[in-house]
Amino acid sequence: MPLYSHILLATDFNSETETVIQRAKAMASSNQCTLSLIHVIEPISIAYGGEFPIDLGDLHKELEKQGRERLSELAGKLAIPEANCYLEIGLTEKEILRIAKDNSVDLIVVGSHSKHGLSLLLGSTANAILHHAECDVLAVRVRKGK
Ligand code: AMP
């Protein structure tokens with residue numbers, strides 16, 4: 001019996017995410033279930049922790065355009081329909097968790113980088129999702145060059 005019915009792959013389009021993509025694809029095919037994609041764009045004001053003194057409207061539009069293009073390119077490669085692709089704007093972990101909950105996702109797949117020092121203290125996206133998701137989470141270990 002399949003373990004999962006809806007898998008959500010969270011992608012930041014980094015070079016090392018190929019490992020994560022392949023793992024999500026394999027999980028979806030072995031469970032014969034739906035695979036969805038999510039990419040989140042964090043507004044510059046969130047990334048920098050406050051209001052930005054210049055108008056960032058054009059930059060946000062460009063980021064959104066690029067995000068949409070990359071998401072549909074990846075969706076094409078994985079044969080994922082557009083309805084299952086989520087391009088969200090906001091706080092990354094919050095948006096991933098919200099989309100997972102609203103769409104009855106039962107497995108979230110993320111990459112997990114081996115981080116040390118300050119970034120470990122501050123916590124990563126994978127960490128936040130592992131701690132707050134209501135469903136299972138697969139954190140795929142990724143290393144530079146893989
Ligand atoms: P990080 O904690 O930033 O090193 O990212 C770990 C993993 O979280 C990535 O491999 C992705 O699976 C996911 N992730 C990070 N940033 C984003 C993003 N902007 N949109 C969707 N998923 C993301």
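Q: What makes the pair formed by a backbone N or O atom of G111 and an oxygen atom of the ligand a polar contact?
A: A polar contact is a pair of N or O atoms within 3.5 Å (within protein, one must be able to donate a hydrogen and the other to accept it, and residues adjacent in sequence count only if both atoms are side-chain atoms). The G111 pair lies 3.0 Å apart, so it meets the cut-off. This is a predicted model, where local features need pLDDT of at least 70 and side-chain atom pairs count only at pLDDT 80 or more, while totals for chains, interfaces and linings use all residues. Residues are numbered from 1 along each chain as its sequence is written, and side-chain values use heavy atoms, with hydrogens and water left out.

Q: Which distance puts a nitrogen atom of the ligand in polar contact with V40?
A: A polar backbone atom of V40 is 2.8 Å from a ligand nitrogen. For T11, a backbone N or O atom lies 3.3 Å from a nitrogen atom of the ligand. The protein covers 88% of the 480 Å² of accessible area that the ligand has on its own; such areas come from the Shrake-Rupley method with a 1.4 Å probe (for residues, only the protein chains shown count as cover).

Q: Which of the 15 residues around the ligand come nearest?
A: They are A10, V40, G111, H113 and T125. A residue is near a molecule or strand if one of its heavy atoms lies within 4 Å of it.

Q: What kinds of residues make up the shell around the ligand?
A: The shell holds 6 nonpolar, 7 polar and 2 charged residues. Here Ala, Val, Leu, Ile, Met, Phe, Trp, Tyr, Cys and Pro count as nonpolar, Asp, Glu, Lys and Arg as charged, and the others, Gly among them, as polar. At least two shell residues come from each of β2 (34-41), α4 (92-102), β4 (107-113) and α6 (125-132). These names follow DSSP runs numbered from the N terminus (helices are H or I with at least four residues, strands E with at least two).

Q: Why is β4 described as largely enclosed by the rest of the structure?
A: Buried means under 20% relative accessible area, exposed over 50%, and partly exposed in between (1.4 Å probe, protein chains only). In β4, 5 of the 7 residues are buried, so the rest of the structure largely encloses this strand.

Q: What makes β4 and β5 (residues 136-142) a strand pair?
A: Two strands pair if DSSP finds at least two bridges between them. β4 and β5 share 7 bridges in the parallel sense, so they qualify. One partnership here links L107 with D136 in β5. With β1 (residues 6-10), β4 pairs over 3 bridges, also parallel, and I7 stands opposite L107.

Q: Why are β3 (85-89) and β5 called edge strands?
A: The 5 strands form an open, parallel sheet in the order β3-β2-β1-β4-β5. β3 and β5 each pair on one side only, which makes them the edges.

Q: Why is Q32 called exposed?
A: Its relative accessible area is 74%, so Q32 counts as exposed. Q32 sits in the loop between α1 (17-31) and β2, and has a positive phi of about 45 degrees although it is not a glycine.

Q: Which class, exposed or buried, fits A79?
A: A79 is exposed, at 68% relative accessibility. Its place is the loop between α3 (57-78) and β3.

Q: Why does S5 count as partly exposed?
A: S5 has a relative accessible area of 44%, so it falls in the partly exposed class. S5 belongs to the segment before β1.
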